[in-house]
Amino acid sequence: MLKSKTFVKKTRSGGVMKVVREHYLRDDIWCGSEVCTECKQESTVLQEDACIESNLCSYPHYLVPDTNVVLHQIDVLEDPVIRNVIILQTVLQEVRHRSAPVYKRLKDIIHEKEKHFYTFTNEHHRETFIEREPGESANDRNDRAIRVAVKWYNNHLNTLKSGPGGLKVVLLTNDQGNKQKGQEEIEEYIKSLIANPELVDRLALSDDNKNEITSSKVLFPEHLPLSKIQAGIKSGSFLQGTFRASRDNYLEATVFVQGQGEDSTEILIQGLQNLNRSVHQDVVAVQLLPQNQWVSPSSVVLQDDGTAKDDNVDKDEEEKVLKLSAAEAARKPTGKVVGIIKRNWRPFCGMLNVSQIKESTRHLFTPADRRIPRIRIETRQAATLAGQRIMVAIDGWPKDSRYPNGHFVRSLGSAGEKGTEEEVLLLEHDVPHQAFSQAVLSFLPKMPWTITPEDMAKREDLRHLTVCSVDPPGCTDIDDALHCRELENGNLEVGVHIADVSHFIRPGNALDKEAANRGTTVYLCGKRIDMVPELLSSNLCSLRSNVERFAFSCIWEMNKKAEVLKTRFTKSVINSKASLTYAEAQMRIDDTSKNDDITESLRGLNKLAKILKRQRIENGALTLSSLEVRFHIDSETHDPIDLQTKELMETNSMVEEFMLLANISVAQKIYEEFPECALLRKHPAPPPSNYDILIKAAKSKKVEIHIDSAKALADSLDVAKVDGFAYFNTLLRILATRCMMQAVYFCSGMDSDFHHYGLASPIYTHFTSPIRRYADIIVHRLLAAAIAADSTYPDLMDKHKQSALCTNLNYRHKMSQYAQRASVAFHTQLFFKTRGILNEEGFVLFVRKNAIIVLIPKFGLEGTVFFDTKDKVPPSLVFDEEGPTLKVEQHTFHIFDQVKVTISLDSSNIQHQKIRMALTEPVIPDVSVPAPEAEPQAKKQKLDR
Amino acid sequence: MAGLELLSDQGYRLDGRKAAELRKVQARMGVFAQADGSAYLEQGNTKALAVVYGPHEMRGSRSRALHDRAVINCQYSMATFSTAERKRRPHGDRKSTEMSLHLKQTFEAAVMTQLFPRSQIDIYVKILQSDGGNYSVCVNAATLAVINAGIPMRDYVCACTVGFVDETPLADLCYAEESGGVSSLALALLPRGGQIALLQMDARLHQDHLESLIEAAMTACKGVSKVLDEVVRQHLQEASVLTRE
């Protein structure tokens, strides 16, 4: 049957257009129930015995949620208890328009077999399609469509002769209109479910539930409706941007407004009223304040410690603290949030602050991420949840409530435990860390795996070469190996052999998709979240010694001056002769008595690497510094027992040089072959303003830093030395690292600037670690296609798809770095927990308005020393932005000042355990603390035994 | 906001069709008495009128005449009222010139022109309402008109567009699908022999997909040919009933 659908649409230019579309109605859409004999369906989704035990509906039934129920109660629908649900197409489409994340989750549920969710295409079914009546709103029509579909289902199931009978369809709704027509309300329904009390907590608060805690006083200005916002953005009176809350100060945030091309601005937002219920990462509309109200970002570190009880009392005071800080010169564009364009809420990890009133069911929840405001939730299991890490989702933020309202999603385990904390860390950084699914594992090669003659025929046999790998100790995923030998013509042949992961992971299968989603292997302290299953990462792909492995080799012919004469890429089979650690390799090179092939090869490589490095630095590559720490982990308890900063040896840089060379060679090759869709990596030059802090800091020590180019910066960093302050140079480099931009992956067809600033290379990519980075797998595939060793496939050649992939990879990369840092921080805390109070030397890295940030080189640890504690009268603080310096009583702190501090673990807040630092030297009366006695030392010895 | 979902997980398209299903095709032959042949064809909401004159002596410059076969002259145009926005479409704009050329090539492959040396066949096609697949609808309408004019052809020429979405070829695209950023392909087929009269695609598509796409297009064309055949037989029946009287 044919229907025509006519509607009018507003075009972008403001005109009104009539759109006519065909709408076919079918009679071959089946109901999807196992019971049904009438429908000629091939497979059924809905089970015959659809029993969710419920007081309200004692008969077997299928559930039909309406749009609002799906949108607001997706957490409940995700619960394994809820099965046999019919999702109507009307609902699916409405959800798709209204919330992309919920739509994604709903689709995930539908795909899950055990959940028995069936999508019924009611809009195209002959009997369930309805036309909009005159005067009926689109929403009302959809509601009616849902009711009609439910009615059809009930009739349909009733007429079955063979069925057991009594099978019904229940519409779940919160809508008053629908309810009056005799349907179930979700809240009542869930409450009626027997034996699932915890589900009630997962119910989102619905808006019509009046919140009794909130006072009648309206706290926030109303958000503007979307139409007004759009008009405002168009006329230029509002700006659209991403809201980024400040980590240090809950009353301050910036809105990042993406302009055309390069010019993007940041707008400062200060004060609760102006923040107007925005949550970190929301897309908001901002209105700029008149210039005379502009302020400068405060350097105060402020945390929301307000208790749950009296929300609005002391806030004004705190805001006053902010207002004082407006120094004329440093004022920044300041604005206020007038409306929310898109919420970006996700479930947040954190802990419950149990309300003082014992019987209360309303509690405040403090997220682990400081940028997220506290959330008020309702739960009956507060007693059990106290002291646990839980996940909470936000439902809404009414304008008369100080905090957003949310609901409990699930518990992760008790706080402070390593497993729980790791889980939190992974969840907060959105690291996919579930075990690999069966579908993924099914694409692994069958064991025992052997090299077949067909494989050999396609590959170059390089097993005779003296290849060896050099890696950090304990490394099981070896993705690179090297060799070097002298050719008859006196030149050197250098080979970099990279694990051929793309041989095992074929494009498009589940394994490939999973790897693409994970993007990178995440290394936490003592734990590795693999990107590919272990069989590949530590066995078949890993280039271990004395086994035959597939490799993708990049072979150069070089002369003794390390000039590349010839480059060749080939798929190969290698047999590594040794897997060395950096230290072992170094020992071999230094040990003059050793003259075997491996050692000779290493020496050759080392010699060339030194030349390469020199050339690279001459070209303006930067040598930056950041302190990396390594934990010695107790093999039984898995607690850290010692901490040391990573040492760098010559062999580290030897391996690095050749990896860089391979990456650059490959980048050139794939760009030459695929100018539209090569996956490359760039590192944009930072804007000059980024260097302000570095220049100021250096100036305080009478050292000048030039930032005109990477080369100038590298040179000025090299000569920057202060007598009697050996660590100064390293500190400067640490600061310089902070000024840099993030390096990112991109697709060559979508960008024109390829330069890699840090490496001073015009083109760069990642080729050398396919076991732990997905980008490298793509580069492998491109290179394989370029040398005709493999065929291309559609997605590889599609620059838009590739660009989307790059976005994911960049995101995963960033998140994995954050997760790694967070893991180090957590282990540092564990370490100090066992140590008691330590006394260490450090350097001032930054000066803030009420604090200094101190770096302890021994542990690579950074901490903040606050000067204004809550319970004490603050000392006189004078902050000078120009220095920047901070005068505390009589003493003035500059950047790079050497100080002594005590380090201890502050467990007063179990959620945010932190390293507390207190000043011992220089001695400032009433501010510094006395140095602890030698007792911790003794403790340390005891532990070391 | 999110663009249109061209193919749902359940395998239904925007208008409720499945991937390989065509739109409803309706046609009538012999709608004008003065022309030698004419046909009106609807494929969903795309409606076209085709009129054929000839074969007749060369008009205009005789120098264009070919000594061994007939010249086919095609003219494609769109009615001003054929789209949602009323637009003046002057004759000889680039798009219609190109379309005319494509039609000409298609029919040169199908019409047995060698039977009419030094003569000319005119095919005029007008889109009355446009909802995607203009080319193929024109070809299908013109085929009927040519048959109506009694000009011998090797076979029906049937055309269809196919698009490629989510690794699935979609047959007979409507306007919403065509404008949804789908790489589409138009194919004109002589169904009995499986010969391709014209294949046109101006989007990017990976080589691996091309074969499946052509395969789908050919199936769709064969589907169209079945409908056309029915229309022709129906028309003949009616005509023969009339003449017998």
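Start with chain B and colour it by secondary structure: along the sequence of this predicted model, the chain runs β-β-β-β-α-β-α-β-β-α-β-β-α. That pattern holds four helices and nine strands. Now colour chain B by burial, and you'll find that 48% of its 245 residues are buried. If you switch on contacts between residues at least 6 apart in sequence, 69% of them join residues at least 24 apart.

**Stop 1: where the chains meet**

Show both chains together. How many residues of chain B are in contact with chain A? Select them and you'll have 28, facing 24 residues of chain A. Between them, the two chains bury about 2,200 Å², with 47% of that on carbon and sulfur atoms. On the chain B side, pick out B:Tyr12, B:Asp15 and B:His206: these lose the most area to chain A, and together they make up 23% of what that side buries.

Next, look for charges. Three salt bridges cross this interface. To see a salt bridge up close, select A:Arg26 and B:Glu21, whose side chains come together with 2.8 Å from N to O. Polar contacts are worth displaying too, as 12 residue pairs make them across the interface. Then colour the chain B side by residue type: 14 of the residues touching chain A are charged, seven are polar and seven are nonpolar.

**Stop 2: a covered helix in chain A**

Hide chain B for a moment and select residues 89-98 of chain A, which form helix 3. Seven of the 10 residues here are buried, so the helix is mostly covered. The buried ones are A:Gln89, A:Thr90, A:Val91, A:Leu92, A:Glu94, A:Val95 and A:Arg96. What covers them? Bring up strand 3 (61-65), helix 1 (67-72), strand 4 (85-88), helix 4 (100-111), strand 5 (117-120) and helix 5 (138-158), which are among the covering elements.

Zoom in on A:Gln89 in this helix. Is it buried or exposed? A:Gln89 is buried, because its relative accessible area is 10%, and buried means under 20%. Its side chain has a polar atom 3.1 Å from the backbone nitrogen of A:Glu123. Beyond its neighbours within four places in sequence, A:Gln89 is also in contact with A:Phe120, A:Thr121, A:Asn122 and A:His124.

**Stop 3: the nonpolar cores**

Move along chain A and select A:Leu536, A:Trp556, A:Leu602, A:Met654, A:Phe658, A:Phe767 and A:Tyr774. In the largest nonpolar core, which has 90 residues, these touch the most other members. Add helix 25 (residues 774-786) of chain A, which supplies the largest share of this core with 10 residues.

Now centre on A:Trp556 and show what surrounds it. Leaving out residues up to four places away in sequence, A:Trp556 touches a mixed group including A:Leu492, A:Glu493, A:Lys566, A:Thr567, A:Phe658 and A:Ser665. Bring chain B back for another core: this one is separate, has 58 residues and includes B:Met78, B:Cys158, B:Phe164 and B:Ala220.

**Last stop: a loop residue**

Finish at A:Ser709, in the loop between helix 22 (692-700) and helix 23 (710-719) of chain A. This serine counts as partly exposed because its relative accessibility is 31%. Try your distance tool between the C-alpha atoms of A:Ser709 and A:Ala685: they are 8.7 Å apart, although the two residues are 24 residues apart along the chain.

Notes: Residues are numbered from 1 along each chain as its sequence is written. Chains are lettered from A and ligands numbered from 1 in the order in which they are written. This is a predicted model: local features need pLDDT of at least 70, side-chain atom pairs count only at pLDDT 80 or more; totals for chains, interfaces and linings use all residues. Side-chain values use heavy atoms; hydrogens and water are left out. Contact means heavy atoms within 4.5 Å. Buried area is the accessible area (1.4 Å probe) that two parts lose on being put together, summed over both. A salt bridge is a side-chain nitrogen of Lys or Arg within 4 Å of a carboxyl oxygen of Asp or Glu. A polar contact is a pair of N or O atoms within 3.5 Å; within protein, one must be able to donate a hydrogen and the other to accept it, and residues adjacent in sequence count only if both atoms are side-chain atoms. Ala, Val, Leu, Ile, Met, Phe, Trp, Tyr, Cys and Pro count as nonpolar, Asp, Glu, Lys and Arg as charged, and the others, Gly among them, as polar. Helices (H or I, at least four residues) and strands (E, at least two) are DSSP runs, numbered from the N terminus. Buried means under 20% relative accessible area, exposed over 50%, partly exposed in between (1.4 Å probe, protein chains only). A nonpolar core is a set of buried Ala, Val, Leu, Ile, Met, Phe, Trp, Tyr and Cys residues joined through side-chain atoms within 4.5 Å.
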